Every structure is written in structure tokens, then in C-alpha cells.
Amino acid sequence: MTTAISITKNFQTTKANNNTQNLNFSNSFNWSAGPSLLSESTQQMQMMILVMQLLQQLMQQLNQHQDPTNQAQPATPLSLSQTEQSILQSSFGDTKTTVAVLDGRNQDGKLTVGDTLIVQNSAGQELKRSTLSSNDMYELRFRENMLKNGLAIETGWEFTDQLVSIKDAALAQPELRQFTSANGLTGTERVLERNQFWEVVEREGNRYLLMRTSNDQNQTVQASDAINDLFDHRQAYAFDCASPMSVLNLKASLDTIGADDFNRNAGQLMLASWFDQYDASQFDGGYIAQVRTAEAGEININGIRNLAGETALFDPSKGDQLIPGNGYYFDLPGDNSSAVQGWNALYLGQTEDGHHQFWSSSIGKINVDFTNNSYLTTGQLSGYYLGAVVSDPNTTRLQAWDDDGSVVR
């Protein structure tokens with residue numbers, strides 16, 4: 001190894017193995033012109049001290065270079081669960097690429113903020129890389145819980161065209177009482193059905209499932225307990241096909257951020273179809289929903305054309321993505337009024353043989369094939385088409401409710 005040393009006005013540069021370092025020193029010289037620069041003993045001493053300091057720092061650098069403990073450790077590929085892999089693959093890649101994640105600086109062996117996500121082609125060439133953000137982690141964990149809960153409840157809840165119902169819980173006589181809504185509106189409501197956690201109330205002709213503030217024993221009802229009862233005693237409730245998506249949203253939120261944070265932020269829950277008490281739009285079920293509609297007659301299935309206002313056909317070229325854990329909608333063309341005009345569904349992912357799996361309440365798992373990638377369905381939902389309705393996680397709300405930051409710790 002060759003080491004070159006050059007002396008300049010107030011610093012020196014050393015070059016060892018092509019790594020350049022700037023070395024600053026507090027000592028400096030009086031660089032006056034003349035051949036007697038080093039004639040004075042004090043100047044000679046200064047020069048000797050400077051050279052000694054330089055050699056000392058050079059030796060430290062050489063020791064560090066030879067000490068393997070001081071070298072940067074190579075990033076370790078993470079072993080992802082099947083669900084994590086499926087969600088990340090759909091979110092960041094496509095059918096022609098592979099997604100892998102390298103452990104971040106903390107080297108904790110698990111998927112966390114700061115890990116490096118890499119997208120590769122079939123030949124193993126890197127196409128792009130990014131760093132996992134807090135938003136990415138909230139989306140991932142929420143979708144994981146959507147899948148877990150959707151699969152756990154099998155066929156879900158019994159269907160009713162009344163939007164919401166507590167079975168065998170009708171009051172002998174409806175109760176009238178005054179209410180104040182979350183947005184400050186007041187009025188009179190009728191209480192129609194009741195159990196220990198919920199009531200069915202009617203306001204201005206609309207039915208809602210309203211969480212009780214206390215039960216028959218005058219004990220406070222927690223939002224987490226009310227949501228869990230919907231899952232633990234599914235046989236006691238009935239919903240239309242949209243309300244279960246709102247229920248799944250709340251359950252996934254609860255499981256993502258934990259009961260304490262959920263109870264502090266959820267307030268008195270109120271459910272009915274896509275109604276969302278927290279959102280000014282009041283009609284997205286707690287998701288960030290994107291909807292495109294079609295002109296009349298654009299879609300033709302077996303001679304039946306869609307009506308004006310029905311959803312457009314799902315189209316990846318317009319930004320539509322199938323991501324496990326997201327909500328979607330199957331539309332029946334030519335029908336915008338019957339109970340079977342459409343089915344809201346949770347996407348479970350694609351099977352090895354190419355089928356797309358969905359879950360829908362009162363049906364359970366659905367295997368769907370799309371004809372020639374047209375998103376016209378065959379099989380169990382033959383005659384329907386996948387509409388341009390995509391319900392993504394509301395990560396802004398999740399982060400606002402996650403008081404202790406447990407999701408990204």
C-alpha cells in the first residue's frame with residue numbers, strides 16, 4: 001500500500017486504498033517566504049508534532065480498515081409471511097416481477113419502517129427500490145387484519161334487506177327518545193331492537209345499528225367489546241351486503257392499533273351500509289374509496305347493458321389495483337334497485353392456478369375467473385362484472401387513532 005502526504009495551508013490529505021480523508025488540525029504554521037523556513041527550533045518542533053499527529057490518525061484508519069467489526073454489515077433479506085409477501089407483491093410489483101425486503105439499519109429481523117423494498121424482474125435484475133414508510137406499514141397491517149378476519153368468519157352474517165338487524169331482539173313497543181348526532185343535529189329516534197351491546201334505531205326513515213353507552217346492568221360498553229360481539233355472535237345479527245365491509249373496517253382498525261387506542265378514539269359507533277360517522281362524505285364505510293361510473297350501455301354481458309350511473313369496468317390502465325385486503329364491488333348490469341344488484345367483496349388474492357379469490361358476506365369465499373382479462377366474471381358470479389370501485393385503507397385515520405404508535409414501533 002502506498003500513502004501519499006501533501007501539506008497545504010491548514011490541513012493535510014491522506015490517500016490510502018483509494019479512500020480519501022480530510023484531516024483537520026488545530027496547529028498551523030507561519031508560511032513566510034524564504035529558505036530559512038525551518039531554521040528556528042520552534043518551527044521544527046511544530047513540524048514534528050504535525051507529522052506525528054498525521055501518522056497517528058493514519059494508523060487509526062488502517063486499524064479500522066482491518067477490523068471487520070467496523071465494516072458495514074450486508075443487509076439481510078427478510079423472511080416474509082405468505083400474507084406479507086402477497087400484499088407487498090400486489091402493492092409494489094406485478095405478475096412479472098418479484099418483491100423482496102432487506103432488513104433495515106436496526107437489523108431486528110422483522111418487517112419495520114426503514115426496511116428496503118426491492119422489485120426485481122424474472123432475471124433477478126433490480127428494477128427499483130424504496131424505503132418502507134409509516135404509511136406503508138399501516139396499510140400492510142390493516143390489510144393483514146382484514147384478511148385474517150374475513151377468512152375467520154366464513155360466510156359472515158345473514159343477509160337482510162333492512163340494512164341492519166338484531167335477530168330476535170325486537171322491543172315489544174318501540175321507544176321514542178331524543179338524540180343528538182355526531183355532527184350536532186338533533187331529533188327524535190325510534191328504538192326498535194336491542195341487546196347488551198347494540199340497538200337498532202330509526203332516524204328519519206333510516207335504520208342504524210347504534211352502540212349502547214351502557215348495558216342492562218349499567219356497565220359501560222366499550223367500542224372494542226361491541227365490535228367483537230358482532231364477530232363472536234354472528235348468528236345474532238343480519239346485514240345488507242355493504243354493512244359487513246364497514247364492520248370489517250372497524251374490526252381491522254381495532255386489531256391494528258389495539259383496544260386502548262381504539263376505545264379512546266372510536267366513540268359511540270353507528271353502522272348502516274356505507275355510512276361513516278367520522279367522514280364528512282358519510283358514505284365510504286371508513287375507507288378511502290375511489291369510484292368511477294359508466295355511461296349507459298358501455299358494458300354488455302350476454303346482451304344485458306349497464307344503466308347510467310352503474311360502475312365502470314375495473315381497469316388497471318386507469319390505476320385500479322387488486323390488492324389483498326382491499327374492498328371491491330361486483331356489479332350486475334341493468335339492475336340498480338334489487339337486493340342482488342351488486343356484491344361488496346374483500347379481495348383475498350390470486351391462487352397458483354390463476355383464480356382470483358374474494359370473500360363476500362352471506363356467501364363466503366368466491367373463486368372468480370375473469371374472461372380474457374376483461375373483468376367480466378364467470379363461475380359463481382357469472383353475469384356480474386368487477387366494477388371500478390376500490391376501497392383502500394384510511395391510513396390517515398389509523399395513524400391519528402394510534403396514540404401509542406404501536407404499529408410502527
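This is a tour of selected spots in a predicted model, with something to select at each stop.

**Stop 1: a three-stranded sheet**

Start by selecting strand 4 (97–102), strand 5 (residues 116–121) and strand 6 (126–131). Together they make an open sheet in the order 4-5-6, and the pairing is antiparallel. Strands 4 and 6 sit at the edges with a single partner strand each, so one side of each has no neighbour in the sheet. Turn the view and look for the twist, which averages 20° from one strand to the next.

If you're wondering what holds strands like these together, strands of a sheet pair through backbone hydrogen bonds. Now zoom in on strands 5 and 6, which are joined in the antiparallel sense by five bridges. Click on Val-119 and then look across to strand 6: which residue is its bridge partner there? It's Lys-128.

**Stop 2: the helix on the sheet**

Keep the sheet on screen and add helix 2 (residues 82–92), which packs on it and touches strand 4, strand 5 and strand 6. The direction of helix 2 makes about 120° with that of strand 4.

Next, colour Glu-84, Ile-87, Leu-88 and Gln-89, which are buried residues of helix 2. What do the buried residues of this helix pack against? They pack against strand 4, strand 5 and helix 3. Here's a handy thing to remember as you look at any helix: an α-helix has 3.6 residues a turn, so residues three or four places apart point the same way.

**Stop 3: two helices crossing**

Bring in helix 3 (residues 134–152) and look at how it meets helix 2: the angle is about 125°, and the axes are 10 Å apart. Helices 2 and 3 are therefore oblique to each other. The crossing is right-handed.

To see the contact itself, select these two groups:

- From helix 2: Thr-83, Glu-84, Ile-87, Leu-88, Ser-91 and Phe-92.
- From helix 3: Asp-136, Leu-140, Arg-141, Arg-143, Glu-144 and Leu-147.

Try colouring them by class, and you'll find five nonpolar, two polar and five charged residues in this contact.

**Stop 4: three single residues**

Select Pro-77, in the loop between helix 1 (41–66) and helix 2. Is Pro-77 buried or exposed? It's exposed, with a relative accessible area of 57%. Not counting residues up to four places away in sequence, Pro-77 touches Val-101 and Leu-102. Try a distance too: Pro-77 and Gly-109 are 32 residues apart along the chain, and 8.8 Å separates their C-alpha atoms.

Now jump to Val-407, in the segment after helix 7 (395–401). Val-407 has 12% relative accessibility and counts as buried, because the cut-off is under 20%. Leaving aside neighbours within four places in sequence, the residues in contact with Val-407 include Met-137, Tyr-138 and Arg-141, along with Thr-256 and Ile-257. Draw another line, from Val-407 to Val-113: they're 294 residues apart along the chain, yet their C-alpha atoms are separated by 9.7 Å.

The next pick is Arg-212, in the loop between strand 12 (206–211) and helix 4 (223–232). Arg-212 also counts as buried, at 9% relative accessibility. Among the residues in contact with Arg-212, leaving aside those within four places in sequence, are Arg-194, Phe-197, Trp-198, Glu-199 and Val-221.

**Stop 5: two hairpins**

Select strand 20 (residues 356–360) and strand 21 (residues 364–370), which run antiparallel and are joined by five bridges. In this pairing, Trp-359 has Lys-365 of strand 21 as its bridge partner. The two strands form a hairpin with three residues between them, and Ser-362 in the turn has a positive phi of about 75°.

Carry on to strand 22 (residues 377–379), which pairs with strand 21 in the antiparallel sense over three bridges. Here Phe-370 is matched with Thr-377 in strand 22. Strands 21 and 22 form a hairpin with six residues between them, and Asn-372 in the turn has a positive phi of about 50°.

**Stop 6: two more positive phi values**

Most residues other than glycine have a negative phi. Ser-273 has a positive one of about 50°, and lies in the loop between strand 14 (270–271) and strand 15 (288–291). Ser-273 is buried, with a relative accessible area of 14%.

Finish at Asn-302, where phi is near 55°. Asn-302 lies in the loop between strand 16 (300–301) and strand 17 (304–305), and is exposed, at 72% relative accessible area.

How values were computed. Residues numbered from 1 in each chain as written. Predicted model: local features only at pLDDT ≥ 70, side-chain atom pairs only at ≥ 80, totals over all residues. Heavy atoms only, no water. Pairing = 2+ DSSP bridges. Helix = DSSP H or I, 4+ residues; strand = E, 2+ residues; numbered from the N terminus. Axes fitted to C-alpha atoms, helices over the stretch in contact; angles between N-to-C directions. Contact = heavy atoms within 4.5 Å. Parallel < 35°, antiparallel > 145°, perpendicular 65-115°, else oblique. Left-handed = near helix turned anticlockwise from the far one by under 90°. Nonpolar A, V, L, I, M, F, W, Y, C, P; charged D, E, K, R; others polar. Buried < 20%, exposed > 50% of the residue type's maximum accessible area, 1.4 Å probe, protein only.
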